[in-house]
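Visitor: I'm new to this. Could you walk me through what we see here?

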Amino acid sequence: MDHFQFREGVMHAEDVSLEVLAADVGTPFYCYSSATIERHFTVFRDAVAGLGSGDPLVAFAVKSNPNLAVLATVARLGAGADVVSSGELARALAAGIPASRIVFSGVGKTRAELAAGIAAGILQFNVESEAEIDMLAQVAANQNAIVEIAIRINPAVDPKTNAKISTGGADAKFGIPWERLPAAFAQAAAHPNLRPVGLAAHIGSQLTDLGPVEDTIRKLGELARALEAAGHVIKRIDVGGGLGVPYNRDLPPPPSPGDYATMVARATAGWPWRLMFEPGRMIVGNAGVLVSEVILTKEGASRHFIVVDAAMNDLLRPSLYNAWHDILAVRHKATRTVATVVGPICETGDTFATDREMEDVGSGDLVAFMTAGAYGATMASTYNSRPLVPEVMVKGAQWAIVSQRNTPEAMLALDAKAPWL
Ligand code: PLP
């Protein structure tokens with residue numbers, strides 16, 4: 001459920017008309033609904049409350065939307081953060097997420113990033129290779145620190161999602177093959193500066209089948225018991241993120257947070273360990289839209305094109321994953337058409353929808369790319385020297401620009417002619 005609704009034929013974010021916002025900030029722009037973020041976070045947090053031992057940690061996956069206002073919104077609800085770079089770590093801390101609720105994931109953390117996490121005093125590092133165990137031990141020793149880690153396993157399951165966001169297959173770059181976990185744990189335990197206290201897994205994103213997640217969680221439980229039998233002390237199990245969101249309102253919705261929590265409760269019954277979750281898309285996906293203006297329409301040999309002022313650099317998912325986003329007219333249109341919606345970038349991949357039945361929008365009309373709150377603005381680039389677009393957050397009738405539109409001048413100022421030119 002989201003808070004983007006039509007009032008008198010015009011789409012609003014909560015109580016703010018997207019037409020009014022467009023007139024004020026220009027297009028394209030991202031718009032987030034604070035109430036939707038709060039609702040999704042609360043629904044998830046409440047669904048998993050009471051599972052495992054103690055209070056589960058819901059660590060918002062910062063990569064899905066690292067905007068400071070978004071992070072501050074979930075921080076106020078008690079969220080932790082799952083970060084994968086020192087940039088994300090800095091953002092999480094700046095948003096008010098306590099270090100004691102931050103977990104640092106990622107297959108290639110640099111020494112500098114490990115050092116930054118240690119200096120900040122984060123809860124745990126999710127370590128993804130034997131080489132990283134030794135590297136972290138060295139960095140921790142340099143800082144005279146004792147660091148708690150979880151080891152991320154590769155469970156070798158097929159998460160049944162898009163190959164580019166599938167992370168749990170045996171050949172994926174993520175985690176340590178589960179068969180090597182006992183040896184990796186022993187390796188970590190032998191380092192005086194490391195305390196291996198947990199296990200982690202994250203098998204992929206936009207998951208619509210809970211079966212592979214359940215298999216993975218059960219595998220984590222079996223491995224944790226075997227490690228305890230070998231004398232290790234296990235405190236936490238991080239089951240990752242990945243729950244899918246409905247991108248296409250004409251298709252059946254993916255499992256709900258309630259379905260997910262029921263599955264987790266079944267798979268973790270009797271567990272004596274604290275649970276950790278890393279949801280991203282599920283919290284912010286439906287909480288954001290990308291608003292764009294139609295520049296013009298044109299007729300190809302056989303296609304009706306709608307050319308909008310947003311492009312693949314602003315919202316990469318359709319081009320990268322063939323992902324679907326519903327595209328709605330911000331002001332309802334009575335007539336419909338079949339159109340191919342494209343941006344201005346000089347690549348055929350700059351296509352948002354192909355031969356799609358949709359409202360018959362024309363030059364000057366606004367459209368909203370729905371469900372763009374996750375992996376939207378954060379994956380934007382400046383390809384074709386297009387400035388990053390602003391992000392706006394709405395709360396009731398209030399709104400604020402929470403990330404400024406970049407300018408061609410500011411972008412140019414980062415470049416320099418080499419001294420010999
Ligand atoms: N945790 C890790 C380690 C991830 O790599 C990701 C994203 O792929 C997430 C959590 C968040 O996934 P999602 O946004 O699908 O919940």
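Guide: Sure, one term to begin with: a residue counts as near a molecule if one of its heavy atoms lies within 4 Å of it. Keep in mind that this is a predicted model, where local features need pLDDT of at least 70, side-chain atom pairs count only at pLDDT 80 or more, and totals for chains, interfaces and linings use all residues. Residues are numbered from 1 along each chain as its sequence is written, and side-chain values use heavy atoms, with hydrogens and water left out.

Visitor: How many residues surround the ligand?
Guide: The closest ones are Ser205, Gly242, Glu278, Arg281 and Tyr375. Counting everything around the ligand, we get 14 residues.

Visitor: Which side chain has an N or O atom 3.3 Å from an oxygen atom of the ligand?
Guide: Let's look at polar contacts, here pairs of N or O atoms within 3.5 Å. His202 has a side-chain N or O atom 3.2 Å from a ligand oxygen, and Asp82 has a polar side-chain atom 3.2 Å from a ligand nitrogen. The side chain at 3.3 Å from a ligand oxygen belongs to Lys63.

Visitor: How much of the ligand's accessible area does the protein cover?
Guide: Accessible area comes from the Shrake-Rupley method with a 1.4 Å probe. On its own, the ligand has 390 Å² of it, and the protein covers 92%.

Visitor: Which domains give residues to the lining of the largest pocket?
Guide: Domain bounds come from an automatic or database domain assignment. The pocket lies between two domains, because both give residues to its lining. They are domain 1 (4-32 + 285-413) and domain 2 (34-280).

Conventions:
A polar contact is a pair of N or O atoms within 3.5 Å; within protein, one must be able to donate a hydrogen and the other to accept it, and residues adjacent in sequence count only if both atoms are side-chain atoms.
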